[in-house]
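Work through the exercises below with the sequence and the coordinates at hand. Each task is followed by a solution in steps.

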Amino acid sequence: MDSTPAQTFEVLADLRSYPHWWREVREARQVAENAAELRCRSVLPYDLVFETHHNAKDPDAGLLRADLLGDMDGTVSWRIFADGTGSRIVYDQEVVVCKPLLRRIALVSRPILKANHELMMRSGQRGLRTYLAGFQAATQTTQGTQATQTTQAT
């Protein structure tokens with residue numbers, strides 16, 4: 001990513017921002033300080049609704065980890081590393097789909113479900129990259145404006 005690890009962390013930690021950059025996250029509703037209910041839908045005609053609860057939020061270590069409860073149960077994590085002038089992200093998930101319909105059809109439709117998931121993840125990566133570029137540009141503009149104002153004030 002072309003943004004700093006701190007900027008990347010800030011965006012990923014803000015669960016409410018996900019619908020702004022990840023097209024398949026259709027809705028994010030804050031349910032607690034470090035938790036949101038997310039409603040996701042990719043290409044296939046079903047929604048997954050689950051709560052995401054941060055259980056680790058360490059910007060210095062570049063670690064975000066959350067428990068998922070609902071149509072998916074498990075744990076997901078983002079690891080954010082410095083990479084040149086930008087950042088590299090490693091996403092990991094250990095989840096089980098709990099939605100009854102998907103569990104019933106999983107054996108016969110596994111390749112389709114897997115492809116649907118891969119499309120969603122690639123879309124999220126593209127959306128995050130675009131959003132972070134705008135986030136970084138806005139930060140630089142704000143910093144430039146503040147520097148200009150400070151210079152003019154002196």
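The exercises go from the overall fold to single contacts, and the model they use is a predicted one.

**Exercise 1. Fold and surface**

Determine how many helices and strands the protein chain has, and in what order they run.

Solution. Step 1: count the elements. The protein chain has three helices and six strands. Step 2: read them off from the N terminus. The order is α-α-β-β-β-β-β-β-α. Step 3: add the totals for the chain. Of its 154 residues, 33% are buried. The accessible surface is about 9300 Å², and carbon and sulfur atoms account for 53% of that surface. Step 4: look at contact range. Among contacts in the protein chain with a separation of 6 or more, 40% are between residues 24 or more positions apart.

**Exercise 2. The ring pair W78 and Y91**

Classify the geometry of the pair formed by W78 and Y91, and state where each ring sits in the chain.

Solution. Step 1: choose the quantities. An aromatic pair is described by the distance between ring centres and the angle between ring planes. Step 2: apply them. The centres of the W78 and Y91 rings are 4.6 Å apart and the planes are at 50 degrees, so the pair is tilted. The angle falls in this class because stacked requires under 30 degrees and edge-to-face over 60. Step 3: place the residues. W78 belongs to strand β5 (residues 72-83) and Y91 to strand β6 (residues 86-97), with their positions 13 residues apart in sequence, so to speak a link of distant parts of the chain. Step 4: assign exposure. W78 has a relative accessible area of 11% and is therefore buried, whereas Y91, at 27%, is partly exposed. Step 5: put the pair in context. The whole structure has four aromatic pairs, and ring pairs also link Y18, W21 and W22 into a cluster.

**Exercise 3. Salt bridges**

For the bridges R16 to D14, E24 to R23 and R29 to E37, give the N to O distance and the exposure of each partner.

Solution. Step 1: take the total. The structure holds six salt bridges. Step 2: list the three that were asked for.

- R16 and D14 meet at 3.5 Å, N to O. R16 is partly exposed at 48%, and D14 is partly exposed at 28%.
- E24 and R23 meet at 3.3 Å, N to O. E24 is buried at 3%, while R23 is exposed at 58%.
- R29 and E37 have their closest N and O atoms 3.3 Å apart. R29 is partly exposed at 42%, and E37 is partly exposed at 24%.

Step 3: check for shared partners. E27, R39, R41 and D47 are joined into one network by salt bridges that share partners.

**Exercise 4. The nonpolar core**

Which residues touch the most other members of the largest nonpolar core, and which element gives the most to this core?

Solution. Step 1: find the best-connected members. The largest nonpolar core has 28 residues, and L12, Y18, W21, W22, V25, F50 and L128 touch the most other members. Step 2: map the core onto the elements. Two or more residues come from each of α1, α2 (18-21), β2 (35-40), β3 (48-58), β4 (63-70), β5 and α3 (100-153). Step 3: pick the main contributor. With five residues, α3 gives the most. Step 4: inspect one member. Leaving out residues up to four places away in sequence, V25 touches Y18, P19, L38, R39, C40 and M120.

**Exercise 5. The N-terminal end: S3 and P5**

Is S3 buried or exposed, and which residues does P5 touch beyond four places in sequence?

Solution. Step 1: locate S3. S3 lies in the segment before α1 (5-13). Step 2: read its accessibility. S3 is at 0%, so it counts as buried. Step 3: find its partner. The side chains of S3 and T8 are joined by a polar contact of 2.6 Å. Step 4: turn to P5. P5 is in helix α1 and is partly exposed, at 27% relative accessibility. Step 5: list its contacts. Not counting residues up to four places away in sequence, P5 touches I80, F81, A82, G86 and S87. Step 6: compare sequence and space for one of these. P5 and F81 are 76 residues apart in sequence, and their C-alpha atoms are 6.2 Å apart.

Methods
Residues numbered from 1 in each chain as written. Predicted model: local features only at pLDDT ≥ 70, side-chain atom pairs only at ≥ 80, totals over all residues. Heavy atoms only, no water. Phe/Tyr/Trp six-rings, centres within 6.5 Å; stacked < 30°, edge-to-face > 60°. Helix = DSSP H or I, 4+ residues; strand = E, 2+ residues; numbered from the N terminus. Buried < 20%, exposed > 50% of the residue type's maximum accessible area, 1.4 Å probe, protein only. Salt bridge = Lys/Arg side-chain N within 4 Å of Asp/Glu carboxyl O. Polar contact = N/O pair within 3.5 Å; in protein donor to acceptor, adjacent residues only side chain to side chain. Core = buried A, V, L, I, M, F, W, Y, C linked by side-chain atoms within 4.5 Å. Contact = heavy atoms within 4.5 Å. Areas by Shrake-Rupley, 256 points an atom, 1.4 Å probe, with all protein chains shown as cover.
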